[in-house]
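Work through the exercises below with the model open beside you. Try each task before reading its solution.

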Amino acid sequence: MTEALLIETKGAVRYVTLNRPDRHNAFDDGLIAQLTQAFQAVEDCRAVVLQSTGKSFSAGGDLAWMKRMAGNSPADNLADAKALSGVMEAIDTCPRPVIGVVQGAAYGGGVGLVACCDLVVAAESASFCLSEVKLGLIPAAISPFVVRAMGGRAARRYAITAEVFTAATALACGLVHEVVPADKLEQVRDLWLAKLLGNGPQAMAAAKRLIRRVTDDPLDESLRDWTAEQIADIRASDEGQEGVAAFLDKCKPSWVEV
């Protein structure tokens with residue numbers, strides 16, 4: 001049986017690949033569980049790439065799985081929905097930077113996966129769609145991540161029209177960061193990886209937590225105090241002290257691969 005999720009580590013980089021091309025990389029409960037585990041166990045890598053095989057990035061939820069779940073009890077349906085939210089949270093809060101490589105269509109929950117990545121490069125031919133309302137459903141579990149990535153105004157339009165939008169539109173609304181010809185996807189991915197591997201691992205994890213909280217919390221004294229504590233703590237950390245010393249001494253810190 002073909003593995004639905006491929007996980008490979010090359011050097012300091014973990015490659016997580018959706019591998020259901022015959023199903024347009026749609027996910028079911030089994031794949032959701034595997035994805036969640038993959039993004040929770042990243043201690044032995046410095047960066048993660050989320051990608052997929054075939055012509056589609058991800059069609060979102062597998063229709064056969066959703067039909068099966070609809071016949072289950074309300075409690076089972078709720079647990080299933082929470083699992084979907086959980087995989088989005090696992091990717092979004094992954095302590096390692098996550099690069100998404102979108103070579104084709106990202107529909108429904110596939111847009112959620114894109115929204116949870118820290119950096120996203122998409123092929124010019126890629127397409128996107130919040131398609132749930134066509135099925136009488138709503139993009140509920142993915143909505144906090146999608147709205148934060150592309151903004152409420154754009155998300156409202158595409159969530160209620162279920163229009164297919166282009167990679168250029170996804171770039172304009174902030175869902176993706178770069179759009180390139182399909183044969184340049186790996187080039188951009190590798191350029192980003194080189195940049196990430198030159199940065200302090202603990203600092204990048206702290207930066208991700210910082211931006212998430214600053215984005216979500218009101219700008220008040222509590223938030224300002226917390227940000228002050230964050231920089232004070234990291235300045236005093238071993239990594240922070242090594243990084244500053246290396247800069248002043250014009251040498252490379254230990255985390256930079258020679």
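Buried means under 20% relative accessible area, exposed means over 50%, and partly exposed lies in between (1.4 Å probe, protein chains only). Accessible areas come from the Shrake-Rupley method with a 1.4 Å probe, and for residues only the protein chains shown count as cover. This is a predicted model, in which local features need pLDDT of at least 70 and side-chain atom pairs count only at pLDDT 80 or more, while totals for chains, interfaces and linings use all residues. Residues are numbered from 1 along each chain as its sequence is written, and side-chain values use heavy atoms, with hydrogens and water left out.

**Exercise 1. Classify Asp62 by accessibility, then find its partners.**

Step 1. Locate the residue. Asp62 sits in the loop between S4 and H2. Helices (H or I, at least four residues) and strands (E, at least two) are DSSP runs, numbered from the N terminus.

Step 2. Apply the cut-off. Asp62 counts as buried because its relative accessibility is 4%.

Step 3. Look for an ionic partner. A salt bridge is a side-chain nitrogen of Lys or Arg within 4 Å of a carboxyl oxygen of Asp or Glu. Asp62 makes one with Arg20, and the closest N and O atoms are 3.5 Å apart. The two residues are 42 residues apart: Arg20 is in the loop between strand S2 (13-18) and helix H1 (29-40), and Asp62 is in the loop between strand S4 (56-58) and helix H2 (63-70). Both Arg20 and Asp62 are buried.

Step 4. Check the backbone. A polar atom of the Asp62 side chain lies 2.9 Å from the backbone nitrogen of Ala64.

**Exercise 2. Trace the salt bridges of Arg212.**

Step 1. Start from the total. The structure holds 11 salt bridges.

Step 2. Take Glu89. The closest N and O atoms of Arg212 and Glu89 are 2.9 Å apart, in a salt bridge. This pair joins helix H9 (residues 201-216), home of Arg212, to helix H3 (residues 74-92), home of Glu89, across 123 residues.

Step 3. Take Asp92. Its salt bridge with Arg212 has closest N and O atoms 2.5 Å apart. Again H9 and H3 are linked, with Arg212 and Asp92 120 residues apart.

Step 4. Assign accessibility. Arg212 has a relative accessible area of 27%, so Arg212 is partly exposed. Glu89 is at 30%, so Glu89 is partly exposed. Asp92 is at 14%, so Asp92 is buried.

Step 5. Assemble the network. Salt bridges link Glu89, Asp92, Arg148, Arg212 and Asp216.

**Exercise 3. Which residues form the negative surface patch, and which form the nonpolar patch?**

Step 1. Set the rule. Patches are made of residues with over 30% relative accessible area and no salt bridge; like charges are joined within 9 Å, and nonpolar side chains (Val, Leu, Ile, Met, Phe, Trp, Tyr) within 5 Å. Lys and Arg count as positive, Asp and Glu as negative; His and the chain ends are not counted. The place of a charge is NZ of Lys, CZ of Arg, CG of Asp or CD of Glu.

Step 2. List the negative patch. Its members are Asp220, Glu221, Asp225, Glu229 and Asp233. Take Glu229, which lies in helix H10 (residues 221-236). Glu229 is partly exposed because its relative accessibility is 45%.

Step 3. List the nonpolar patch. Leu63, Leu135 and Leu137 have about 290 Å² of accessible area together. Leu137 is in the loop between S8 and H5. At 40% relative accessibility, Leu137 is partly exposed.

**Exercise 4. Which residues other than glycine have a positive phi? Give examples.**

Step 1. Consider His24. Its phi is positive, about 55 degrees, although His24 is not a glycine. His24 lies in the loop between S2 and H1. A relative accessible area of 33% makes His24 partly exposed.

Step 2. Consider Ala162. Its phi is also positive, near 55 degrees. Ala162 lies in the loop between helix H6 (152-161) and strand S9 (164-166). Ala162 is buried, with a relative accessible area of 4%.

**Exercise 5. How far apart are the C-alpha atoms of Leu196 and Val256?**

Step 1. Place Leu196. Leu196 belongs to helix H8 (residues 185-196). With a relative accessible area of 11%, Leu196 is buried.

Step 2. Read the distance. The C-alpha atoms of Leu196 and Val256 are separated by 9.6 Å, and the residues are 60 residues apart along the chain.

Terms used: A polar contact is a pair of N or O atoms within 3.5 Å; within protein, one must be able to donate a hydrogen and the other to accept it, and residues adjacent in sequence count only if both atoms are side-chain atoms.
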